[in-house]
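Please open the model in your viewer and keep the sequence beside it, so that each selection can be found in both. The tour moves from one stop to the next, and at each stop you select something and then look at what is there.

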Amino acid sequence: MKDVIIIGAGICGLMAARQLTLKERSVTVLEARDRIGGRINTIDGRFSTHIERGAEFVHGKPKHTQALIQEAGVQTFPTEGATWEVRKGQVQRTSMFPETLQMVSEALGKLGTDITMNEFLDRHFPHPDFPEVWEDVRHVIEGFDAADLDRISAKAIHSEWSADSEFSGSRLAGGYSQLCEFLRREATNHGAEIWLSSPVATIAWTPGRVEVMTTDGDRFEARQLIITVPASVLRTGAITFSPATDRWHDAVSRIETGGVIKFLLEFRRPLWEERLRDAGFIFSDARVPTWWTQLPAGYPILSGWLSGPATLTAPRGDNLTAMAIESLAYLFDCSPETIERELRAIEIADWSRDPFSLGGYAYKTPQTPAALEVLTTPVYDTIYFAGEAFNVGDEMGTVEAALQSALRVVERMMEG
Ligand SMILES: Cc1cc2nc3c(=O)[nH]c(=O)nc-3n(C[C@H](O)[C@H](O)[C@H](O)COP(=O)(O)OP(=O)(O)OC[C@H]3O[C@@H](n4cnc5c(N)ncnc54)[C@H](O)[C@@H]3O)c2cc1C
C-alpha cells in the first residue's frame, strides 16, 4: 500500500507529489486527462510560437511561483504595450484599472460584515447616481475575476484590489507548462508514479486507509489522500465518497467558479496596428470584450478573453469562432472577411465546458471562508483537499494559490 494517493496532476498535485517524495513518502498521482498540467496548458507546433491555452501571467510578485520559476531555471519578462479601449465604436487610450475603482476601493475598506459586491454597490453607489461606477466595476470583476457581481464577496474584492497584484504582469519564456514538467521530473525521479487517463470515480475510506477506483475499474490503495480536483468538478458529484460526507458537499457548493473561454488567433500581419498602435491590452464592448497581444514579443498573435456570466450563454463550436471574428472586425473597423483572410491559425479553449475543469478558476462568496474552514480541516489525517479553490488566505484562483495550498497540505501531513 502506498503512503499517499493524489487525485489530479495539475500544478497543485504535482507540487504536492514532489514535496512528499522529497520527504520519502511513496506517492501515486491519478490524472483524468491524457496529459499533466490541468489548467496550465502550453501548446507548441500550430502557431509561430508556443501559446498558453490556460494560465499565462505571473501577477505581481507571488512568493511560491517565483521560487518555482527560479528553481526550474525559467526566465520571465514583463508584458508591454499601450492599453486601448473601444466603446460605442470610439477608440481611446485607457488605463488597466479605471480611476473610479479607487473610490470604490476606499469605501470597501470600511465594510464591516461581508456582503456581495452587488449589495455593496447598491448600498454605497446606487445605480441611478453612479452608472459609470457600476459599469467599470462590472467590467473588472467579470473580466479579471470571471465572477458574478451577485455572488462575489465584497471583502475579497477589497483585498484583491489592495494587494500588490496586476491584471497582466509577466510571462514565462517558453511557457508555463515548463513548471509542471519540472515538478513531474522531480517527483518521478524520487519515485512517484503518475497515471494519466485515469479519472477517479469513487473513494471508499476509513481513518488511515483509502481505496480509490477509476472509471475503468482500476483500484488504488493508500494511507492518505489529497484531492486536488477543481471545486466546480467536485460539486457535481463526479466523485462519490463512501461513507458520504454531506458537510463537504455542502461546503464545496459554497465555492463559486467563473466561466472562462480563451481565444488564440494568429494573423499574417499585426492587423491591429493601424487603429490600435502598440496595443498591449484592448478592452471593449465587443462580444469577446478583452484582447491582448504578445508584446514585447512581436508575433502577430492575439488572445481573446470571455469570462464570467457571459460564458453561460456563449455559443459553441464554429459559432464561437464567428463571435471572435465579428468582435475583431468591430475593434479594427474592418469586415469579418478581412479578418478571415488574414487568419493563419485559431485555437479556442472553452474551460467552462471542459469536463475536468468546468470553469476557469474559483472566486470567494461571503460564505466561502466558512466553507474553506470545513474543507481545509483534514479528516482523521486521512483526506485532504488542495488546489487553487481550497487555499486559505487571500490567494484564490491563481497558480500561486494552487502552489500555496499544496505546500500547506504537505506541511500538515508531516505534522501528522
Ligand atoms: C484560461 C485560464 C487562464 C488563467 N490565467 C492565469 C494566469 O494568468 N495566472 C495565474 O496565476 N492563474 C491563471 N489561471 C488559473 C490557474 O491556471 C489555476 O489556478 C491553476 O492552474 C490551478 O491548478 P490546480 O492544480 O489547483 O487545478 P488544475 O490545474 O485544474 O488541476 C486539477 C487536475 O485534476 C484533474 N481531474 C479533474 N477531475 C478528475 C478526476 N475525476 N480524476 C482524476 N483527475 C481529475 C484535472 O484534469 C486537472 O489536471 C488561469 C486559468 C484559466 C482556465
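The stops below cover the ligand, two pairs of packed helices and a few places in the backbone.

Before you start, keep in mind that this is a predicted model.

**The ligand**

Select the ligand and the residues around it: 38 residues surround the ligand, and the closest are Glu31, Arg33, Arg39, Phe57 and Val200. By class, this shell holds 20 nonpolar, 12 polar and 6 charged residues. Now show the polar contacts, beginning with Arg33, where an N or O atom of the side chain is 2.9 Å from an oxygen atom of the ligand. At Cys12 look instead at the backbone, since a polar backbone atom there is 3.0 Å from an oxygen atom of the ligand, and at Glu56 a backbone N or O atom lies 3.1 Å from a ligand oxygen. Of the 1000 Å² of accessible area that the ligand has on its own, the protein covers 97%. Which elements give two or more residues to the shell around the ligand? They are helix 1 (11–22) and helix 13 (399–415).

**Helix 2 and helix 13**

Keep helix 13 selected and add helix 2, residues 63–71; the two pack at an angle of about 90°, with their axes 8 Å apart. Helix 2 and helix 13 are therefore roughly perpendicular to each other. If you show side chains, you will find Lys63, His64, Thr65 and Leu68 of helix 2 meeting Val399, Glu400, Leu403, Gln404 and Leu407 of helix 13. This contact has 4 nonpolar, 3 polar and 2 charged residues.

**Helix 3 and helix 5**

Next select helix 3 (residues 100–108) with helix 5 (residues 131–144), whose axes come within 9 Å and cross at roughly 85°. This crossing makes helix 3 roughly perpendicular to helix 5. On the helix 3 side the contact is made by Thr100, Leu101, Met103 and Val104, and on the helix 5 side by Val133, Asp136, Val137 and Val140. These residues divide into 6 nonpolar, 1 polar and 1 charged.

**Three places in the loops**

Select Ser242 and Pro243, which are joined by a cis peptide bond with omega near 0°; Pro243 is in the loop between strand 14 (240–242) and helix 9 (246–252). Then go to Leu295 and Pro296, where the peptide bond is also cis and omega is about 10°, and where Pro296 belongs to the loop between strand 18 (290–292) and strand 19 (301–307). Finish at Tyr380, a residue other than glycine with a positive phi, near 50°, in the loop between helix 12 (368–375) and strand 22 (383–385).

Methods: Residues are numbered from 1 along each chain as its sequence is written. This is a predicted model: local features need pLDDT of at least 70, side-chain atom pairs count only at pLDDT 80 or more; totals for chains, interfaces and linings use all residues. Side-chain values use heavy atoms; hydrogens and water are left out. A residue is near a molecule or strand if one of its heavy atoms lies within 4 Å of it. A polar contact is a pair of N or O atoms within 3.5 Å; within protein, one must be able to donate a hydrogen and the other to accept it, and residues adjacent in sequence count only if both atoms are side-chain atoms. Accessible areas come from the Shrake-Rupley method with a 1.4 Å probe; for residues, only the protein chains shown count as cover. Helices (H or I, at least four residues) and strands (E, at least two) are DSSP runs, numbered from the N terminus. Ala, Val, Leu, Ile, Met, Phe, Trp, Tyr, Cys and Pro count as nonpolar, Asp, Glu, Lys and Arg as charged, and the others, Gly among them, as polar. Axes are lines fitted to C-alpha atoms, for helices over the stretch in contact, and angles run from 0 to 180 degrees between N-to-C directions. Angles under 35 degrees count as roughly parallel, over 145 as roughly antiparallel, 65 to 115 as roughly perpendicular and the rest as oblique. Contact means heavy atoms within 4.5 Å.
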